[in-house]
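Please read these notes with the model open beside you. Take the points in order and find each residue as you go.

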Amino acid sequence: MDKIGFIGAGNMASAIIGGMVARGTAAGNNIVVSDPNTDNVNRLIKQFGVQSVAGNNAVARESNTLVLAVKPQIMKQVCIELASDIRPETLVISIAAGIKCSMLQTWLGGNAVVVRCMPNTPALVQLGASGLYSEATISHSQQARAEEILSSVGIVSWVRDEALIDSITALSGSGPAYFFLFLEGMVEAGIKLGLDEKTSSQLAIQTAKGAATLAEQSQDSLAELRRKVTSPGGTTEKAIQAFEENDLKRIIAYAMQACAQKSRELADNNS
Ligand SMILES: NC(=O)c1ccc[n+]([C@@H]2O[C@H](COP(=O)([O-])OP(=O)(O)OC[C@H]3O[C@@H](n4cnc5c(N)ncnc54)[C@H](OP(=O)(O)O)[C@@H]3O)[C@@H](O)[C@H]2O)c1
C-alpha cells in the first residue's frame, strides 16, 4: 500500500486526511505526518490514527506520495531541505497558493513529479472544489493518485495550462469568501427588515444551500432557475432589477479579475 506523507498538519492537511480516512482512500496507518506544531500532529494521531515521524525528511523518505501543506512563505525553505529525500517516483502534491510547478521542481532538486493544487476551504466539510495542474511528465497512475487524494474532500478539475490555476483561484479558491460576503449582506439586510439575527442568518444560509443543491441537481440552466423564481411583475423581479441597475455581474467580473491578477503577481514574485 502506498504511504502518503504530509508536510504540515494544519487546517488543509487535516481536512484532506479526514476526507481520505472517511472515504477509505487511505487508512490512518498509511498516512505519515510531520509538523513542528505538536498539538496539530497529536490531534491527527488521535482522530485518524496517522503516524508521526520526527522531521520532514523522514516523512519524505517513507512516502510514495507527499503532500506539501505548509504556508507559501516557507515553501522554498521546506522544499530545499527535502530535496535529497525526493526519489524520481515520488509524487509531490503542493496545495500552496501562488507557487508554480517549475519553482517547486527547482527547489526539490529537479527530479520530482509535481502536482499543483488550488483547493478551497469547503474541503473542511468535504465539499471542496480543487483545481489541479501538472506538467506532462506525470504518469496516468500518478495523475489518478493525485485525483483520488483531492477527491476525498470534494470535486477536482484538471487544467492543461498552469496559468489557469490563477483563474481557478479567482473562481473556487477565493470563491467561498464571495459567498460569505453575499450572505453577510443578506443577513444584515434581513435584520434591517425586522428579522432577528438568528432567523435572518439561518434563512440566508439555508437559502444558499438550497439554491446550490437545486442548481446542482436540476436540468435547468442557472438563468432558467432564476427565471422560475422571478414572476413578471412580482417581488423577486424588483430585487433582480435592483441588482442589474447596480451592474452586479460587472462587479463580480471586476472582483475576479483583480483576484486572478493578484494570484499571477504572487506566482511571479515567487519565481
Ligand atoms: N485556496 C484556499 O482556500 C486555501 C485554503 C487553505 C489553504 N490553502 C493553502 O494550503 C496551505 C496550508 O494552509 P493551512 O490553512 O492548512 O495552514 P495552517 O493551518 O497554518 O497549517 C500549516 C501547518 O504547517 C506547519 N509548519 C510550519 N512550519 C513547518 C515546517 N517547516 N515543516 C512542516 N510543517 C510546518 C504549521 O505549524 P505552526 O502552526 O507552528 O506554524 C501548521 O501546523 C497553504 O499553503 C495555503 O496557501 C489554500
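1. A term to start with: two residues are in contact when they have heavy atoms within 4.5 Å of each other. With that in hand, look at helix H7, residues 164-173. What covers the buried residues of H7? The cover includes strand S6 (113-118) and strand S7 (128-134). It also includes H8 and helix H12 (248-269). The buried residues in H7 are Ile165, Asp166, Ile168, Thr169, Ala170 and Ser172. Here, buried means under 20% relative accessible area.

2. Keep in mind that this is a predicted model. The secondary structure of the chain comes to twelve helices and eight strands. Along its principal axes, the C-alpha trace spans about 70 × 40 × 35 Å.

3. Now the domains. The assignment gives domain 1 as 4-161 and domain 2 as 175-266. How many Å separate the centres of domain 1 and domain 2? Taken over C-alpha atoms, the separation is 33 Å.

4. Next, burial and surface. The chain has 271 residues, and 41% of them count as buried. About 15,000 Å² of the chain is exposed. Carbon and sulfur atoms supply 57% of that area. Contacts also reach along the sequence: of those with a separation of 6 or more, 63% join residues 24 or more positions apart.

5. Turn to the second largest pocket. About 530 Å³ of space lies in it. Of the 19 residues that line this pocket, the closest to its centre are Met12, Val70, Lys71, Pro72 and Ile95. Which elements give two or more residues to the lining? They are helix H1 (11-23) and helix H4 (72-82). The lining residues divide into eleven nonpolar, six polar and two charged.

6. Stay with H4 for lysine 76, which is found in this helix. Is lysine 76 buried or exposed? Its relative accessible area is 46%, so lysine 76 is partly exposed; that class lies between the 20% and 50% cut-offs. Leucine 108 is 32 residues away along the chain. In space, the C-alpha atoms of lysine 76 and leucine 108 are separated by 8.8 Å.

7. Compare phenylalanine 179, in helix H8 (residues 175-192). Why does phenylalanine 179 count as exposed? Its relative accessible area is 60%, and exposed means over 50%. Phenylalanine 179 and isoleucine 205 are 26 residues apart in sequence. Their C-alpha atoms are 9.9 Å apart in space.

8. Check two backbone angles last. Most residues other than glycine have a negative phi. Glutamine 126 is not a glycine, yet it has a positive phi of about 60°. Where does glutamine 126 lie? It lies in the loop between S6 and S7. Its relative accessibility is 30%, so glutamine 126 counts as partly exposed.

9. The second angle belongs to aspartate 247. Its phi is positive too, at about 55°, although aspartate 247 is not a glycine. This residue lies in the loop between helix H11 (235-245) and H12. At 36% relative accessibility, aspartate 247 counts as partly exposed. H12 has already appeared in these notes, as part of the cover over the buried residues of H7.

Terms used:
Residues numbered from 1 in each chain as written. Predicted model: local features only at pLDDT ≥ 70, side-chain atom pairs only at ≥ 80, totals over all residues. Heavy atoms only, no water. 1 Å grid on protein atoms, 1.4 Å probe; cavity = no way out; pocket = protein on both sides within 12 Å on 5 of 7 lines; lining within 4 Å. Points joined across faces, edges and corners; volume = space filled by probe spheres on them. Helix = DSSP H or I, 4+ residues; strand = E, 2+ residues; numbered from the N terminus. Nonpolar A, V, L, I, M, F, W, Y, C, P; charged D, E, K, R; others polar. Buried < 20%, exposed > 50% of the residue type's maximum accessible area, 1.4 Å probe, protein only. Areas by Shrake-Rupley, 256 points an atom, 1.4 Å probe, with all protein chains shown as cover. Domains from an automatic or database assignment.
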